[in-house]
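Hi everyone, thanks for coming. Let me put the sequence and the structure up on the screen, and then we can walk through them together.

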Amino acid sequence: MSNNGTHFNGTFYEEQEKIEIKAVSVYTPLVYVSILVISLMIFASKYRKNQVKKLTELPSIFDEHEARDLYYSIQELSETEQIHPKVLKAALLNRGAEAVRRTIKLREVAVQIEILYKNGSVDDKYWQRYQNEMKLVDLELKSCIEEAERLQPEWPQAFVNLCREICFNQALQRRYDSILDRKNVYKKQYQLKLDDNGKLIQ
């Protein structure tokens, strides 16, 4: 009996000695986390592109985005020719100012459009177009800010304020030009004579 017990204990200890502990590198968890983060970033990027594509399928409320098209044209040209950085920044500011203008316009009519939609004066399709336009304008402004950060770090802090100032100046210029156009129309229509100061000559 004692021999069997000794043999059993010896076998038990031999089995314990066979257990191996494999060392795991400290970099292994970091590799897994990095792969997970990169996968999530790729998924988020593709999801965002698909969402933007769906939003752009509906016709826009505004006209063509000339400021954005001009910026992309200059950016594409800068890849083959030497373009001064200030030219690219000026085009980006103009693009951002247009995004600010569209944001203001959409917010100005937000209450009226919602009332018209609830009253049935605006159909679901136009309501969807309006909501999509709001999202697209927000994405456009965010894209401009990201581009400003790429062109000059820490510039976005002043970029939005500059875009707003340009937007307001452009609005004043459009109103002034409209007044001049009306003046010329009335002057021609009623055969008015004005002096250099704009006063009517009797």
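Let's begin with charges. There are six salt bridges in this structure, and please keep in mind that we are looking at a predicted model. If the idea is new to you, side chains of opposite charge can pair when their charged atoms come close.

Here is one to find on the screen. Arg95 pairs with Glu140 in a salt bridge, and their closest N and O atoms are 2.6 Å apart. This pair ties together distant parts of the chain, since Arg95 sits in helix α4 and Glu140 in helix α6, which covers residues 124-151. Along the sequence, the two are 45 residues apart. Now, are these two partners buried or exposed? Arg95 is buried, at a relative accessible area of 1%, and Glu140 is buried as well, at 10%. Both values fall under the 20% cut-off for buried. The pair also has company: Arg68, Arg95 and Glu140 are joined in a network of salt bridges.

Let's stay with helix α4 for a moment. Arg102 and Glu98 form a salt bridge there, with 2.9 Å from N to O. Both residues belong to α4 and are four residues apart, or about one turn of the helix. Arg102 and Glu98 are both buried.

Compare that with Lys118 and Glu114, whose side chains meet in a salt bridge at 3.3 Å, N to O. What separates these two along their helix? They are four residues apart in helix α5, residues 110-118, so about one helical turn lies between them. Lys118 is exposed, with 62% relative accessibility, while Glu114 is partly exposed, at 36%.

Next, the cysteines. How many disulfides does the structure hold? The count is zero. Why do Cys144 and Cys163 not form a bond? The closest cysteine sulfur to that of Cys144 is the one in Cys163, and it is 6.7 Å away, which is too far for a bond. A disulfide would need the two sulfur atoms within 2.5 Å. Looking from the other side, Cys163 has Cys144 as its closest cysteine partner, again at 6.7 Å between the sulfurs. As for their surroundings, Cys144 is buried, with a relative accessible area of 0%, and Cys163 is also buried, at 0%.

Now let's turn to a pocket. The second largest pocket has about 240 Å³ of space. Which helices each supply at least two residues of its lining? They are α4, residues 85-108, and α7, residues 156-189. Helix α7 gives the largest share of that lining, with six residues. If you want to click through some of the lining residues, they include Arg101, Ile104, Lys105, Cys167, Phe168 and Arg175. By type, the lining divides into five nonpolar residues, five charged ones and no polar ones.

Finally, a word on confidence. The mean pLDDT of the protein chain is 82, and 79% of its residues reach 70 or more. Among the elements of the chain, α4 has the highest mean pLDDT, at 95. The lowest belongs to helix α1, residues 2-17, with a mean of 50. Where pLDDT is low, the predicted coordinates should not be read in detail. So when you explore on your own, helix α4 is a good place to begin: it has the highest mean pLDDT among the elements, and it holds Arg95.

Methods:
Residues are numbered from 1 along each chain as its sequence is written. This is a predicted model: local features need pLDDT of at least 70, side-chain atom pairs count only at pLDDT 80 or more; totals for chains, interfaces and linings use all residues. Side-chain values use heavy atoms; hydrogens and water are left out. Buried means under 20% relative accessible area, exposed over 50%, partly exposed in between (1.4 Å probe, protein chains only). On a 1 Å grid over the protein atoms alone, a cavity is a set of points where a 1.4 Å probe fits but cannot get out, and a pocket is an open set with protein on both sides within 12 Å along at least five of seven lines; lining residues have an atom within 4 Å of a point. Grid points are joined across faces, edges and corners, and a volume is the space filled by probe spheres set on the points. Ala, Val, Leu, Ile, Met, Phe, Trp, Tyr, Cys and Pro count as nonpolar, Asp, Glu, Lys and Arg as charged, and the others, Gly among them, as polar. pLDDT is the predictor's confidence in each residue, from 0 to 100. A salt bridge is a side-chain nitrogen of Lys or Arg within 4 Å of a carboxyl oxygen of Asp or Glu.
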